[in-house]
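Got the viewer open? Here is a tour, stop by stop, with something to select at each one.

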Amino acid sequence: MCTLDLLKTGETGRIIRLKGGKHFISRITAMGFTPETKIKMISNRGRGPIIVFLRDTMVALGRGETLKISVKAGAV
Amino acid sequence: MITGVRTKSYTVALAGQPNTGKSTVFNRLTGAKQHVGNWPGKTVEKKMGFYDYDGNKYNIVDLPGTYSLTANSMEERITRDYLIKENPDVIIVMADAAQLERTLYLLAEIRTLAVPVVLALNMMDIAEGQGKKIDVEILEMSAGVPVVPIAAAIGRGFERLLALVAKTVKTGRSPEKNIYGNSDFIREYQKLKTLISGKIPSPYTEEWIAVKLIENDNEAVGIVKENVSLSDFEKVRSCMERIPDGILLAADSRYNWIQEVLSMALDNSETDKRERKHSGFDRAATHPVWGKLIAVGIMVISFAAAMIIAIPLMSALQAVLPFISLSLREFFSDAPVWIGSLFADGLLPGIFVALCMLSYIFGVYIVFGVLEDVGYLARLAYIFDRSMSRLGLHGKSFMPLLMSFGCNIAGVTGTRVIDSWRQRMVTLVLVSIIPCLALWAVVSFMGMIFFGPGMPLVIISLLLVMVLYLVLTSVLLRKTVLKGESTGLIMELPPYHKPNWKTILSYVWVQIKGFLKRAVTLITVITIFIWALSYQPDGNIENSILASIGRFFDPLSGLMGLDWKLFIALVAAIVAKEASLSVLAVLYGIGQGCMSITSLLIPGSGGFEEASLIGSLAHSISPASALAFIFAFFFSIPCIGTIATINSETRSLGWTAGCSLYYTLISFIAGVLAYRAGLIIF
């Protein structure tokens, strides 16, 4: 298990846990992030924001937000 | 002939997540029969319209696009309050057939309310192209709501949508409210539902309240507290405490429902093979280096396009103006001189300036409307997220800052895209620090006279100081009045699509109307005020009240090395930045005598030759003073149109006055420091 920022471009994984305040959780869940969701890293350049693909949607996240999301890497 | 059929009138609410094509549907349904206002007490637009069908009238309310119905943002609160309290006859919920799993989320929330729902599956053509097979009949059964497939962009499916809305209005049945979820969630949900059973006043439903209790929603808790016994409320509390991550579980339960619904209705087997790729262009557009290069290219083209739209409009205005001015004077030739002057030198220039600004922002809005509509702006926010984070902001702040280089007014309204109030306010204050195109015109004119080949150095130092100023202002705001945790970027990157001109033009029209409403009167009033201060029948501006005011401030302007003439030119910039040049022309004796400096707002009316103005200025102003003027001017308070916009966007006189004072103070400091530096350098 690792935080989302460690997933490399092209890798897939499954969301394990989300942490953060009420505001963050309600926004991120409405974008499709919930535990057990399949997620694919579209672009991660090691710094700056990232792009992921989940639930038919491309979402951009700030690096700070990726630290609040833990994932289990691996084929899904 | 009397038909004898009484027409009925129904209310239809249009809801949907952003990028599901809601505006396209709204514009198609209502055509020209729409009007735009604001939600009471909010800066969020409220679009309403109507259409006739089967002899009945259907009033449509376009709700703000939201991803969910929590009460996090103004948009969410408005949508939610409207759906619950205004009791529409039916809600059309939009979903994107190509992104069903997430876009059904809003339906998953709305269906627990007591209002009939029609689900409009938009972008069916795109979904089909991706190989997604959606069985509409099965979807209707499993979701428990009537469903209509449409392709709004190409106008497909509207007949069926209208028929289905009419039918649903008549049955008046709201969706089934079966709830899915994991065992913890379902257990507490059932307990809560039993506890509140029979005690929830309409228009709320028990299902809605029970789920919102699990989410620890303030409104739901308040309603339950009022309507159940104290001992039951204690039990409700303890249920809520057993699931601290209720928001997560409630979201999970909605996606569970969606998956259940889609498991039968959606055949994805084809699409797994051709999964949506990060296309070649998008890969480049989001690349840290290529993406920025593309962005710069698009920006240059955009501003050029904005100017190509704006300049003919302004030239046309300039062409007819002398004629109008002359006719006005003739018309008032029998009245006292000052009355003719009031109209020709006061009112007319005021309206002219407002119309010029209008052409500017018209161009800027069209260009940004297109970029937004095709989906590019989200990419722009993404690639500049890192740069923006150095200002304590996130990517979404980039767009308003960029628009500001065109026109500060557009930048200030552009801050609406930022969802957190705190970050929006920081951005709003920063936006007006950005030099607009009109300002550059004056700066480059002055710079070329005094610094010629040294001009690039002056520009570089201006930009460096600007960056420093932006950073310090942001830090200052976030350390004082706008303290608190900042959230970063969470943003959908919508698929690219062709621009929809109707949607874009309706967006531009709304913005223009907003500008006309708030700024035109104010600009005119201020212009007339300045006209009055500088009105002189003999055309000698040195005798005006304005000149005395300028001399009164001599001790202060002296610190910047400015004489009263330069000072007045600085003040004139409040009406419009470009006005300063014509004011300088008259004050330095190049222009013809004029009755009031406001008449100089109309280009060419001062009748000065650029060459002689250059000579006169270079002769009578020292380089240090010129540098001070350029700096003070560059950082001066934005024009009155922007100030009016700040006021209408913040709805706070405190913020408006505070910002104005702050900009003025900084402008003064910049002028003083530049003068000192200039004295050392030259």
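One term before we set off: a helix crossing is called right-handed if the near helix is turned clockwise from the far one by less than a right angle, and left-handed if the turn is anticlockwise. Keep in mind, too, that this is a predicted model.

**Stop 1: a helix pair in chain B**

Select residues 564-572 and 579-587 of chain B, which are helices α27 and α28. Their axes lie 8 Å apart, and the packing angle is about 155°. Angles over 145 degrees count as roughly antiparallel, and α27(B) and α28(B) are therefore roughly antiparallel to each other. Look down through one helix onto the other: the crossing of α27(B) and α28(B) is right-handed.

Now show side chains. From α27(B), pick B:Lys565, B:Ile568, B:Ala569 and B:Ala572; they meet B:Ala579, B:Ser580, B:Val583, B:Leu584 and B:Leu587 of α28(B). By class, this contact between α27(B) and α28(B) has 7 nonpolar residues, 1 polar and 1 charged.

**Stop 2: zoom out to all of chain B**

Colour chain B by secondary structure and you should find 32 helices and 10 strands. The C-alpha trace of chain B spans about 85 × 70 × 55 Å along its principal axes. Of the 682 residues in chain B, 48% are buried. Among chain B contacts with a separation of 6 or more, 72% are between residues 24 or more positions apart.

**Stop 3: a covered helix**

Next, select residues 421-431 of chain B, helix α21. Is it mostly covered or mostly open? Mostly covered: 9 of the 11 residues in α21(B) are buried. The buried set includes B:Gln423, B:Arg424 and B:Met425, and also B:Leu430 and B:Val431. To see what surrounds them, add α19 (398-406), α20 (408-414), α23 (455-479), α31 (640-650) and α32 (653-681) of chain B, which the buried residues of α21(B) pack against.

**Stop 4: one tyrosine**

Jump to B:Tyr507, which sits in helix α24 (residues 501-534) of chain B. Why does B:Tyr507 count as partly exposed? It has 19 other C-beta atoms within 10 Å, and a buried residue would need 20 or more. Add B:Gly369 and draw a distance: the C-alpha atoms of B:Tyr507 and B:Gly369 are separated by 7.0 Å, although the two residues are 138 apart along the chain.

**Stop 5: where the chains meet**

Bring chain A into view. Here 31 residues of chain A are in contact with 30 residues of chain B. On the chain A side, the elements giving two or more residues are α1 (22-30), β3 (38-43), β5 (57-61) and α2 (63-66). The largest share, 9 residues, comes from α1(A). That side of chain A divides into 14 nonpolar, 10 polar and 7 charged residues.

Select β5(A) together with residues 490-492 of chain B, strand β10: these two pair in the antiparallel sense over 3 bridges. For one such bridge, pick A:Leu61 and its partner B:Ile490.

**Stop 6: strands within chain A**

Finish on residues 12-18 of chain A, strand β2, which pairs with β3(A) in the antiparallel sense over 3 bridges. Across that pairing, A:Thr12 stands opposite A:Lys40. Strand β2(A) is also joined by 5 bridges to β6 (residues 69-73) of chain A, again running antiparallel. Select A:Arg17 there, and its bridge partner in β6(A) is A:Ser70. Turn on side chains as you look: in a regular strand they alternate between the two faces of the sheet.

Terms used. Residues numbered from 1 in each chain as written. Chains lettered and ligands numbered in written order. Predicted model: local features only at pLDDT ≥ 70, side-chain atom pairs only at ≥ 80, totals over all residues. Buried ≥ 20, exposed ≤ 12 C-beta atoms within 10 Å, placed from the backbone. Helix = DSSP H or I, 4+ residues; strand = E, 2+ residues; numbered from the N terminus. Contact = placed C-beta atoms within 7 Å. Nonpolar A, V, L, I, M, F, W, Y, C, P; charged D, E, K, R; others polar. Pairing = 2+ DSSP bridges. Axes fitted to C-alpha atoms, helices over the stretch in contact; angles between N-to-C directions. Parallel < 35°, antiparallel > 145°, perpendicular 65-115°, else oblique.
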